[in-house]
Amino acid sequence: YKGKDTNGFYEICVKGNYIYALWDQYLGSDAGLPYIYRISKDGKKTKKLAMGKNFFIKNNRIYYTKCKEWIDEYGNVGTKSLGNASMKLDGSGKKSEKNISMKRNTKVLWQTTEKAVESAYTYYLDNGKNEFSPTQLIRENTKTGKKTVIYKTSGQQTIGWAEIRGNSVIISVNVPSGKYKVYYMKMNGKNKILLKSGIAVG
């Protein structure tokens, strides 16, 4: 996307010929405007499916927390949750879901004291050189104890957060001068793709 500053994409997953992602169209950390999008793998076709968050796909349906935009008396924009819902992969057939669990296996790592267990591996952030901010994402085999560096920053860059989900990893890297870059990669650190770069907004 071009010409619109936002908080970017989260909760990215692939199903069939499409990429599904949550696009937070707000800019800043004091609110959010989350929309679920379907994007063709070549990037040529995009479709807004619903306003919502915390989505996952199961048996050709998307389950999510339904949301709506609201503005308070001071003109501030926010999001109100309306309960759990589901829809078909093309956004049709929306209905409420009252008896489902929205528990997800996604884990976001912010500090070196946090760990995420996925399949046979444990993921965690590491300081590398005894620095305050993490500079590496490590994958440790839970049986053998073998450690592999999945991602390592360069220069004065640090890792802001790393999201471990399914068969992929998303990492936000803090770059000097208040900038950032968000990367997507496989769980072994391969096939790294730059998703977004910009100036961090508090």
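Leaving aside its neighbours within four places in sequence, which residues is Thr-135 in contact with? They are Asp-126, Asn-127, Gly-128, Tyr-151, Lys-152, Thr-153, Gln-157 and Ile-159, where contact means heavy atoms within 4.5 Å.

The model is predicted, so local features need pLDDT of at least 70 and side-chain atom pairs count only at pLDDT 80 or more, whereas totals for chains, interfaces and linings use all residues. Residues are numbered from 1 along each chain as its sequence is written, and side-chain values use heavy atoms, with hydrogens and water left out.

**View 1. Surroundings of Thr-135, in the loop between strand 10 and strand 11 (136–141).** Strands (E, at least two residues) and helices (H or I, at least four) are DSSP runs, numbered from the N terminus. Thr-135 is buried, with a relative accessible area of 9%; buried means under 20% relative accessible area, exposed over 50%, and partly exposed in between (1.4 Å probe, protein chains only). A polar atom of the Thr-135 side chain lies 2.8 Å from the backbone oxygen of Asn-127.

**View 2. Surroundings of Thr-153, in the loop between strand 12 and strand 13.** Thr-153 is buried, at a relative accessible area of 10%. Its side chain has a polar atom 3.0 Å from the backbone oxygen of Gln-157. With neighbours within four places in sequence left aside, Thr-153 is in contact with Thr-135, Thr-158, Ile-159 and Val-173.

**View 3. Open sheet of five strands in the order 8-13-14-15-16.** The pairing is antiparallel; two strands pair if DSSP finds at least two bridges between them. Strand 8 (107–109) and strand 16 (193–199) stand at the edges with a single partner strand each, so one side of each has no neighbour in the sheet. On average, neighbouring strands of this sheet are turned by 15° against each other, direction ignored. Axes are lines fitted to C-alpha atoms, for helices over the stretch in contact, and angles run from 0 to 180 degrees between N-to-C directions.

**View 4. Two pairings at the edges of this sheet, strand 8 with strand 13 and strand 15 with strand 16.** Three bridges link strand 8 to strand 13 (residues 158–165) in the antiparallel sense, and Leu-109 stands opposite Ala-162 in strand 13. Strand 15 and strand 16 run antiparallel and are joined by six bridges, with Tyr-183 opposite Leu-194 in strand 16. These two strands form a hairpin with six residues between them. In its turn, Gly-189 has a positive phi of about 90°.

**View 5. Hairpins of strand 5 with strand 6 and of strand 6 with strand 7.** Strand 5 (residues 61–71) runs antiparallel to strand 6 (residues 77–88), joined by 11 bridges. Trp-70 stands opposite Gly-78 in strand 6. Five residues separate strand 5 from strand 6, and Gly-75 in the turn has a positive phi of about 90°. Strand 6 and strand 7 (residues 95–96) run antiparallel with two bridges; Ser-96 in strand 7 is the bridge partner of Ala-85. Six residues lie between the strands of this hairpin, where Gly-91 takes a positive phi near 95°.

**View 6. The largest nonpolar core, with 16 residues.** A nonpolar core is a set of buried Ala, Val, Leu, Ile, Met, Phe, Trp, Tyr and Cys residues joined through side-chain atoms within 4.5 Å. Leu-137, Tyr-151, Ile-164 and Ile-171 touch the most other members. Strand 10 (121–126), strand 12 (147–152), strand 13, strand 14 (168–175) and strand 15 (179–186) each supply at least two residues of this core. Another core, of 12 residues, lies apart from it and includes Ile-36, Phe-55, Ile-62 and Tyr-64.

Notes:
A polar contact is a pair of N or O atoms within 3.5 Å; within protein, one must be able to donate a hydrogen and the other to accept it, and residues adjacent in sequence count only if both atoms are side-chain atoms.
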